[in-house]
Amino acid sequence: MPSSAVGNNRVYQDQDHENEVDDVAFLTGDREHQQAAANRAATYEKPIIASCTPKQAIIVLIVVIASSFLISIIIAFARPIGCQYPEFIPPPLPKGYRLRKPSANYLTTTGEAYPWKDIRLPKFIRPLKYRIQIRPNLTTRALKGQMGITFYVTEETNFIILHSRNLTINEYLLRDVRGKELTIRRSHECIELQQIYLETRGSLFPYQNYTLGIRFDGNLTESLEGVYMSKYTNSKNRTRFLAVTHFEPTYARAAFPCFDEPHLKAKFKISIIRHRDHFALSNMPLEKTEDVGFFLERGLLQDHFQETVQMSTYLVAFVVCDFSKITNKTSRGVSVSVYAPPDQITQASFALDVATKVMDFYEDFFGVPYPLPKLDLVAVPDFGAGAMENWGLVTYREAAILVDPEQTSTKSQQYVAIVIAHELAHQWFGNLVTMDWWNELWLNEGFASFLEYKAVNSIIGNWRMMDQFILEKTQTALALDELSTSHPVSVSVDDPSEIESIFDAISYNKGASILYMLEGVLGEEIFKQGLTNYLETNKYLNTVSDNFWECLSIAARNSSNDVHVKTIMDTWTQQMGFPLIYISRDEKIVHVKQEMFPSIFRNSNDPERPNSTWKVPVSFVTSIDPTREFHLWLNGSSVDFEVPDSVVWFKMNSKQSGFYRVMYEESLWAQLTDILLKNHTSLSAADRASLLDDAFTLNRVGILNVSTPLLMLKYLEKERDHVPWATALRHLNYLQQILSLRKAKENLVCFIQKLITPVYNELGWKLRTKHVEKLLQEEILSAAVKIGMVPAISQATKLFQQWRGAKTPISPDLREIVYSTGIRYGDKSDWDTTWKKLQESKISSEKRLLLKALGSAMDPWLIQRYLEFTLDQNKIRSQDIRTVVDSVAQNSPGNLLTWRFVKLNWNKLLNVEGGIHSIGPIVNAATSRMATNLELSEVEAFFSKADVGHGHRLLDQSLETIRNNIFWLEKSEDLLGNWIKSNTMC
Ligand code: BES
Ligand code: ZN
């Protein structure tokens, strides 16, 4: 349906003025309307300005200047000796309230001591309802708003605190429930704490409602947070602008003053003023539209949205745009729509189909209906994250939602399905039930990261999502969590930048992995009952992890399975790291022992690690029937179990479903390697992947000799499954990167080529039909060109030239390989043509591939120029900077240039990327293959001087990675080279 049908839906109705700050005159200062509004909102009247002649004015001016001069002299000299300004005494803290940072000395904007010393708001404030009227002006970039917040306090107080960031507050008005005005004695703003302190003359009494009216001004931000502007080019080649919001975690306060903490839930009644060429969307459906052109500016309309349910501030959202939409209904009749720029709306069908099915799946799986009447998904041309779960109005970066079946690769389609399922899982886990504070962000992100796989697995069965789960979640989380610079799943965080730093693989992927492990322990049915119970009891409320554990324990007890879930799960969420399980066998007896997985280097500032143990659900399969799983608990540091003599081999951690690694004694490794080499299919694909992942990692940290993983690899000649291959290639890619300037690289490259050749020959470039086969083919072809296999390179460059010249389209699954190989082995004119194609493309998945491919150039001049493009927003959108820099850093000649570029442009990158947390991944990409002491000290020296704010964890992780690389090279480089030389023909 064309967008204007929504946009011009005018309804002229009277507003509900009860308790409401609903006058719009302030938006233009329109006199007549002010007059009309005067009776309703007397406080907002402009002061009456008296008129006088110019002569009178000059006399008045002279008198004023002379008297102020006189007064200042009196103040300066006539103060009695010993007289001091009264000492500022901050108001008493509410009972039982602890200051988190008592020593901090925060200042107000006028340089005085700010009375409240805590980054958290006082515990006694409870908002009930926000009425917000806001006008994002897409022409002037101004943001204007007025609002009324109804709240109460739980103890008597004479001050309240709320959040505000980069807003100018023009007026406050506080009224009690009878409408009587309460005087605000003073107000202070503290920029550092992003807070406003309002002190009243009299007291506010507990459990009585008050309404705080505020008028404010701001700007549409330059970053991709708060209320910001995005743009696209339409079919007539005209630039069209849109306003978008992104509030998580702490940017709602940049759109309107509010109590911006996730547990301070309230209802929101939102009105948006916008031009008639646009329409507005918000969390709830449109209630009515008023023509406010007469009072404000011609062509302006005001959309009033239905009141929301009880929700957190970070989930509020609105969009003002002129997009098109397509709509569908879930089986229960909830309206689901996807919005995109009109030229791209044909790419929205896949998303709409997935979204509708996923909604049905969740409603059924959770047993709790989606509580809103509609769900909108919007493709936003400029978007910082991948997507954001605003309740009822989910926003996505284009490449995370738009699919052209003719042009988008299998891998990208799967990514789109996953992102959609992730954000829709949040509609329950995060939106309906919300973590009490950000320290348990994992209750949002870990859950959504687990459920996204379950949902896609259920709606598209043949994609084999649960095998891919271990590849994407468990393995990546284990890799990060082994660092001494990791953190527990539940982690104490206070200020906004600390909060942002935990949107990482620990909260997401470790969170998801421990849920997967727990589901395995309890069984899907009990787990599901626990979820339903948790959602039902906590809907519209906030929770801590214990609430969830309790619901699972109850569900287990009801099925006569008495598991005290909290005791088990606390060991996984409260401490960082994970166990390494040692396995040895004495005939019938198998000894199991746990230790914390060792990190090679510990940051000298870190306290000694506790001697941790975990409650580990140990599983295994045996040679007798490898499809039958056995389970036992490892609760203390060790346990034994018995196996019959007839068991020849056994593999622990079946399907890598547990969050731990396994170190076998030598003879057991040998048996498992033997199985892989002789009859690999007797183990499941996930088990094969898990053996490779453990063996390589254990070698990396110096526990296992490099010959074990290398010998295992030989079985890959027979492997045809995507998951083990992807696991192996990830590790090989790592080795190749850190060996890129070393002697042993030659041997490794030759060895990898040998391993790949059989599967490369078999799969070749022919189009595949099965989903997982397509994923495998892409993995193998990409490895083949990267490792320099001549036939692969020549085929890819041939296809590239065909595409470049005759515009022959390439099959979507081959594009990434063809474009990047074409650029890698091409010249400047190839690069320039590809850049031009990038400018012309309307397919976001294609744009992403082209952006990545352009980073593969080998000519340093081209690479440097491309890096510099990232500082020019007309060339590279800021949302894409990371993709570009990452891709250049992946490429050998680009790697050194990237680090140089990051250093030279540190401050600029900090600004465009919006802080250290956003450039953390860039730093990581630029430094992750460094492997010498010289580089280490150079990076350390740079960070010791650079402004890193609260970004220490990310930088420490980068430094630790370099140290690990140095360690591995010293210990294993020669062994690897020698083993390859003596065991293969390389
Ligand atoms: N809630 C997040 C969005 C977000 C990320 C807000 C970081 C603030 C900081 C959203 O649900 C999310 O996790 N998005 C992911 C995509 C997802 C499929 C992993 C993202 O943005 O990468
Ligand atoms: Zn999420």
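Strand S25 (residues 616–622) and strand S26 run antiparallel and are joined by 5 bridges. This is a predicted model. Its chain has 986 residues, of which 59% are buried. The secondary structure comes to 29 helices and 29 strands. Among contacts with a separation of 6 or more, 72% link residues 24 or more positions apart. The zinc ion (ligand 2) is coordinated by two histidines and a glutamate: His 422, His 426 and Glu 445.

**The three-stranded sheet**

- S25 and S26 belong to an open sheet of 3 strands, in the order S26-S25-S28.
- The pairing in this sheet is antiparallel.
- Its edge strands are S26 (630–634) and S28 (650–652), each pairing on one side only.
- From one strand to the next, the twist averages 30 degrees.
- Pro 617 stands opposite Trp 633, a residue of S26.

**Helix H12, packed against S25 and S26**

- Helix H12 covers residues 565–573, and 7 of its 9 residues are buried, so the helix is largely enclosed by the rest of the structure.
- The buried residues are Val 565, Ile 568, Met 569, Asp 570, Thr 571, Trp 572 and Thr 573.
- Three strands take part in the packing around these buried residues: S23 (579–586), S25 and S26.
- The buried residues of H12 also pack against helices H6 (442–459), H9 (505–522) and H11 (545–558).

**The zinc site**

- The donor atoms are NE2 of His 422, NE2 of His 426 and OE of Glu 445.
- They sit at 1.9 to 2.1 Å from the zinc ion (ligand 2).
- In sequence, the donor residues follow the spacing H-x3-H-x18-E.
- Both histidines lie in helix H5 (residues 410–426).
- His 422 and His 426 are 4 residues apart, about one turn of the helix.
- An α-helix has 3.6 residues a turn, so residues three or four places apart point the same way.
- His 422 and His 426 are both buried.

**The five-stranded sheet beside H5**

- A second open sheet has 5 strands, ordered S16-S17-S18-S20-S19, with mixed pairing.
- Strands S16 (324–329) and S19 (387–388) form its edges, and each pairs on one side only.
- H5 packs on this sheet, touching S18, S19 and S20 (393–397).
- The direction of H5 makes about 150 degrees with that of S20.
- S17 (residues 335–340) and S18 (residues 374–380) run parallel, joined by 5 bridges.
- Within that pair, Val 338 has Leu 377 of S18 as its bridge partner.
- Strands of a sheet pair through backbone hydrogen bonds, either parallel or antiparallel.

**Around ligand 1**

- Ligand 1 has 14 residues around it.
- Those that come nearest are Glu 248, Gly 386, Glu 389, Glu 423 and Tyr 508.
- A backbone N or O atom of Gly 386 is 2.5 Å from an oxygen atom of ligand 1.
- Ala 387 places a polar backbone atom 3.3 Å from a nitrogen atom of ligand 1.
- His 426, a zinc donor, also has a polar side-chain atom 3.0 Å from an oxygen atom of ligand 1.

**Asn 431, after H5**

- Asn 431 lies in the loop between H5 and strand S21 (433–435).
- Asn 431 counts as buried because its relative accessibility is 0%, and the cut-off for buried is under 20%.
- The side chains of Asn 431 and Gln 427 make a polar contact of 3.4 Å.
- Leaving out residues up to four places away in sequence, Asn 431 touches Lys 265, Leu 315, Glu 389, Asn 390, Trp 391 and His 426.
- Two of these partners appeared earlier: Glu 389 is among the residues that come nearest to ligand 1, and His 426 is a zinc donor.

**Ala 792, in helix H19**

- Ala 792 is part of helix H19 (residues 790–806).
- Ala 792 also counts as buried, because its relative accessibility is 0%.
- Ala 792 and Gly 764 are 28 residues apart in sequence, and their C-alpha atoms are 8.7 Å apart in space.
- Not counting residues up to four places away in sequence, Ala 792 touches Tyr 760, Trp 765, Ala 784 and Val 785.

Notes. Residues numbered from 1 in each chain as written. Chains lettered and ligands numbered in written order. Predicted model: local features only at pLDDT ≥ 70, side-chain atom pairs only at ≥ 80, totals over all residues. Heavy atoms only, no water. Donors = N, O, S within 2.8 Å, 3.2 Å for Na, K, Ca; no water. Helix = DSSP H or I, 4+ residues; strand = E, 2+ residues; numbered from the N terminus. Buried < 20%, exposed > 50% of the residue type's maximum accessible area, 1.4 Å probe, protein only. Pairing = 2+ DSSP bridges. Contact = heavy atoms within 4.5 Å. Axes fitted to C-alpha atoms, helices over the stretch in contact; angles between N-to-C directions. Near = heavy atom within 4 Å. Polar contact = N/O pair within 3.5 Å; in protein donor to acceptor, adjacent residues only side chain to side chain.
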